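Biologist: I would like to learn how to read this model, feature by feature. Where do we begin?

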Amino acid sequence: MSETTTAPTTNGHAPAAAGAGRAPLRWEYSPAPESTGHVRLRERYGHFIGGEFVEPADGAYAPTVNPATEEPLAEVAQAGKADVARAVAAARAAQAGWAALPGLERGKYVFRIARLIQERARELAIVETLDGGKPIKESRDLDIPLAAAHFFYYAGWADKLSYALPGPGAITPRGVVGQVVPWNFPLLMAAWKLAPALATGNTAVLKPADTTPLTALLLAEILQEADLPPGVVNILPGDGRAGAALVRAEGIDKVAFTGSTAVGREIQAALAGKDIGLTLELGGKSANIVFEDAALDQAVEGIVQGIFFNQGHVCCAGSRLLVQESVAEQVVDRLWARMQTLRVGDPLDKNTDVGAINSAAQLARIGELVGAGVEEGAGLRQVACALPEKGFWFAPALFTEASPAHRISREEIFGPVLAITTFRTHAEAVEKANNSNYGLAAGIWTDKGSKAFEVAAQLQAGVVWQNTYNHFDPTAAFGGFKESGFGREGGAAGLRPYVRQEA
Amino acid sequence: MRVAVAKTYKLYVGGAFVRSESGRHDVVEGTNVPRGSRKDVRDAVKAARKAQAGWARKTAYNRGQVLYRAAEALEARAGELAAPADVGAAVDLLVHYAGWTDKLHAVLGTINPVAAPFLSLSTPEPTGVVAVLCGADDALAQVVGALAAPLAAGNAVVVALPERAPLAGLDLGEVLGVSDVPGGVVNLLSGRAAELVPALAAHRDVNAILDATNDPALAVDVDTLASESLKRVIRGDQSPLQRLEALTELRTVWHPIGA
């Protein structure tokens with residue numbers, strides 16, 4: 001972890017460089033930890049294949065740990081090729097029957113899943129936070145409700161596919177889909193993948209991330225409770241090798257992957273020449289653009305939300321701040337003051353804003369890139385707050401004078417680190433924003449609607465937020481331009497990758 | 001020996017179970033059923049109008065969940081209803097329409113590529129208060145099918161229940177009354193079509209009429225009365241989407257694009 005700090009050191013609560021001349025708020029919070037009392041994790045989780053938990057073929061298990069304490073939470077099976085083959089066979093066996101169900105009946109199963117997630121929301125939120133390190137207020141208020149909402153939304157499409165996918169050709173499911181999801185929104189990403197696949201009549205093999213398998217395994221219990229026909233969804237925990245085996249497995253008709261651009265590239269190459277559908281939701285280096293006519297306090301909140309939400313472990317994080325020169329000093333001062341009030345620590349505490357970094361490996365990667373930023377000459381400021389002794393932590397940080405050539409401006413840090421640069425004109429803002437291999441998202445802050453839409457139209461980004469950031473909804477398509485991947489999740493568009501339609 | 005307690009059937013207006021203000025009843029399906037009056041129609045329209053804006057303001061997701069909750073409640077109480085035979089079909093209709101609330105915009109709405117620097121978008125908005133006229137012998141599933149479409153689109157409804165078979169519809173009120181449908185969003189009137197229909201068709205605070213009576217003679221009267229305040233009238237065999245489209249207004253918003 002980088003301890004390089006050029007900023008005045010404070011106790012972490014008093015704004016050190018508050019430029020706005022306002023009296024700083026000073027108060028202490030008592031700990032408000034969420035109780036884990038009613039969470040009952042098993043000691044061991046096998047693979048979920050054919051509607052049942054089964055032992056891994058080679059007996060391999062690995063612990064999943066709480067990144068806030070480094071304590072193991074459970075032992076989880078690690079999928080190998082034999083497990084993948086078994087799961088794909090189970091999905092294949094279930095597919096015809098699942099696809100033959102009338103859409104309304106298929107939808108009813110998916111509605112059940114949504115309802116059961118809502119019923120077990122508290123438990124799922126706690127486990128998500130234990131396993132991944134994200135603040136409980138985020139897992140409770142965003143991850144779990146949105147996961148339920150995605151199932152609810154796509155359940156309603158199951159008997160309306162011809163409205164979503166107009167055209168004369170018959171609509172048929174792809175078949176068996178292999179889905180690999182990341183560790184930053186474990187259950188939510190599983191929902192994004194499974195809900196449209198199920199609604200359209202596919203069966204699935206899902207691989208959760210190796211550091212965050214638990215909510216997917218709780219979802220497996222929910223699928224049992226929902227009486228989902230065996231084999232319709234199979235869940236195989238494991239690491240990158242399991243994912244690599246899954247996307248290359250015989251009998252997979254479509255692959256959906258959310259993760260790094262490097263792995264996405266490998267998958268596309270591995271599937272070369274095969275008639276296998278592919279959607280990729282990859283990395284980003286999204287620009288959050290603040291114009292001088294923006295409501296600056298709101299913009300500062302949006303910047304904070306954009307980069308510190310979920311410790312910055314967000315593919316669409318607003319990790320590059322482009323701020324108009326005339327207000328740059330003001331914005332940075334207010335932002336730095338606001339950052340002092342972020343509460344970093346116990347993810348289970350209901351007041352926590354920034355939780356634990358998901359893994360030691362991710363912490364090392366953040367540290368490496370931040371080191372490169374300092375070396376390349378950008379100005380680092382890192383909040384000097386107290387951090388827990390155990391676990392993986394990185395205090396919120398920003399870089400001023402981040403040049404477009406710096407690695408911190410080009411590479412995805414995937415942590416609570418903001419790279420700030422300035423611009424003078426719209427054209428310069430657009431050029432800088434688009435100066436990236438990525439094209440996932442962008443933010444625009446201005447009080448002038450016509451300008452917001454003008455700039456939005458020029459941005460090479462799959463999602464553009466105007467005077468807000470990091471909003472997600474099942475009805476709104478999400479996905480990237482350029483090397484941020486292809487295909488969309490959410491909305492009617494999210495159904496298309498999961499069907500074939502006659503020409 | 002235990003003496004059974006007989007059920008008093010009541011109208012469902014503004015979220016409350018009320019007798020007809022007229023104090024009249026008819027014997028239908030072997031039991032006493034309130035005979036709704038023109039005043040009951042006016043009360044019901046007033047309740048619907050009061051409730052409609054709040055219903056429309058809920059997120060589409062929330063409205064979908066409320067309709068789904070109504071489906072759950074109806075399925076759970078299937079055995080208590082006067083006509084359990086077609087409860088399954090009625091539940092399935094509610095589930096179907098629950099799925100429409102947050103998809104209407106994707107299917108009916110448009111972004112208009114106008115030949116000028118403007119963002120122009122057209123979105124379906126609820127029409128307002130919809131009068132639903134049921135056929136005299138309609139079964140529960142038909143009643144539910146007729147009222148679920150306007151509800152899914154964000155309207156409030158006043159339903160003239162099947163004149164010769166109102167019990168299932170009145171029972172439905174008791175299900176909706178304990179689900180999450182806000183009071184006044186659904187209002188159910190039993191009575192004689194000859195009294196209720198003209199009053200609804202002529203009421204100036206009704207925006208649209210879903211005429212499921214399949215009665216050509218009545219259609220002339222309904223259309224004539226509706227013309228006074230230019231109500232939309234929807235009738236005939238229609239797909240759910242056709243009904244939803246007919247019960248919404250398309251609103252086009254223009255916004256400039258430019259520095």
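Modeller: Begin with helix axes. Axes are lines fitted to C-alpha atoms, for helices over the stretch in contact, and angles run from 0 to 180 degrees between N-to-C directions. Keep in mind that this is a predicted model.

Biologist: How do I describe two packed helices?

Modeller: Two packed helices are described by the angle between their axes and the distance between the axes. Now the case here. Helix 2 of chain A and helix 4 of chain A cross at roughly 165°, and their axes come within 8 Å. An angle over 145 degrees counts as roughly antiparallel, and that makes helix 2 of chain A roughly antiparallel to helix 4 of chain A.

Biologist: Which hand does the crossing of helix 2 and helix 4 of chain A have?

Modeller: That crossing of helix 2 and helix 4 of chain A is left-handed.

Biologist: Which residues of helix 2 of chain A meet helix 4 of chain A?

Modeller: Helix 2 of chain A brings Gly107(A), Val110(A), Phe111(A), Ile113(A), Ala114(A), Ile117(A) and Gln118(A). From helix 4 of chain A, they meet residues including Ile144(A), Ala148(A), Phe151(A), Phe152(A) and Tyr154(A). By class, this contact of helix 2 with helix 4 of chain A has 12 nonpolar, 3 polar and no charged residues.

Biologist: Give me a second helix pair, from chain B.

Modeller: Take helix 5 (residues 140-152) and helix 6 (residues 167-177) of chain B. Their axes are 9 Å apart, and the angle is about 55°. Helix 5 of chain B and helix 6 of chain B are therefore oblique to each other. Helix 5 of chain B passes helix 6 of chain B in a right-handed crossing.

Biologist: Which residues of helix 5 and helix 6 of chain B meet?

Modeller: Leu140(B), Val143(B) and Val144(B) sit on the helix 5 side, and Ala168(B), Gly169(B) and Leu172(B) on the helix 6 side. The class count for this contact of helix 5 with helix 6 of chain B is 5 nonpolar, 1 polar and no charged residues.

Biologist: Now the whole chains. What does the radius of gyration tell me about chain A?

Modeller: Set it against the globule rule. With 503 residues, a compact globule would have a radius of gyration near 23 Å; chain A has 23 Å, which agrees. Its C-alpha atoms fill a box of roughly 65 × 50 × 35 Å along the principal axes. Chain A contains 15 helices and 22 strands. Of its 503 residues, 56% count as buried.

Biologist: And chain B?

Modeller: Run through the list again. For 259 residues, the compact globule value is near 18 Å; chain B has 19 Å, which agrees. The box for the C-alpha atoms of chain B is roughly 85 × 40 × 30 Å. Chain B has 9 helices and 12 strands. In chain B, 49% of the 259 residues count as buried.

Biologist: How do I read contacts along the sequence?

Modeller: Look at sequence separation. In chain A, take contacts between residues at least 6 apart: 73% of them join residues at least 24 apart. In chain B, residues 24 or more positions apart account for 74% of the contacts with a separation of 6 or more.

Biologist: How many residues of chain A are in contact with chain B?

Modeller: 23 residues of chain A are in contact with 21 residues of chain B. Helix 2 (103-119), helix 4 (136-157) and helix 15 (449-458) of chain A each give two or more residues to the side that touches chain B. That side of chain A has 11 nonpolar, 7 polar and 5 charged residues.

Biologist: Which residues of chain A does His255(B) touch?

Modeller: His255(B) touches Gly449(A) and Phe453(A). Within its own chain, leaving out residues up to four places away in sequence, it touches Phe118(B) and Leu119(B). His255(B) and Phe118(B) are 137 residues apart along the chain, yet their C-alpha atoms are separated by 5.4 Å. His255(B) belongs to strand 12 (residues 248-256) of chain B.

Biologist: Is His255(B) buried or exposed?

Modeller: Count neighbours. A residue is exposed if 12 or fewer other C-beta atoms lie within 10 Å of its own. His255(B) has 12, so it is exposed.

Biologist: Last, the backbone. Which phi does Asp227(A) have?

Modeller: Asp227(A) has a positive phi of about 60°, although it is not a glycine. Asp227(A) lies in the loop between helix 7 (214-225) and strand 9 (233-235) of chain A. With 10 C-beta neighbours inside 10 Å, Asp227(A) counts as exposed.

Conventions
Residues are numbered from 1 along each chain as its sequence is written. Chains are lettered from A and ligands numbered from 1 in the order in which they are written. This is a predicted model: local features need pLDDT of at least 70, side-chain atom pairs count only at pLDDT 80 or more; totals for chains, interfaces and linings use all residues. Helices (H or I, at least four residues) and strands (E, at least two) are DSSP runs, numbered from the N terminus. Angles under 35 degrees count as roughly parallel, over 145 as roughly antiparallel, 65 to 115 as roughly perpendicular and the rest as oblique. A crossing is left-handed if the near helix is turned anticlockwise from the far one by less than a right angle, and right-handed if clockwise. Two residues are in contact if their C-beta atoms, placed from the backbone, lie within 7 Å. Ala, Val, Leu, Ile, Met, Phe, Trp, Tyr, Cys and Pro count as nonpolar, Asp, Glu, Lys and Arg as charged, and the others, Gly among them, as polar. The radius of gyration is taken over C-alpha atoms; the globule rule is 2.2 Å times the number of residues to the power 0.38. A residue is buried if 20 or more other C-beta atoms lie within 10 Å of its own, exposed if 12 or fewer, and partly exposed in between; C-beta atoms are placed from the backbone.
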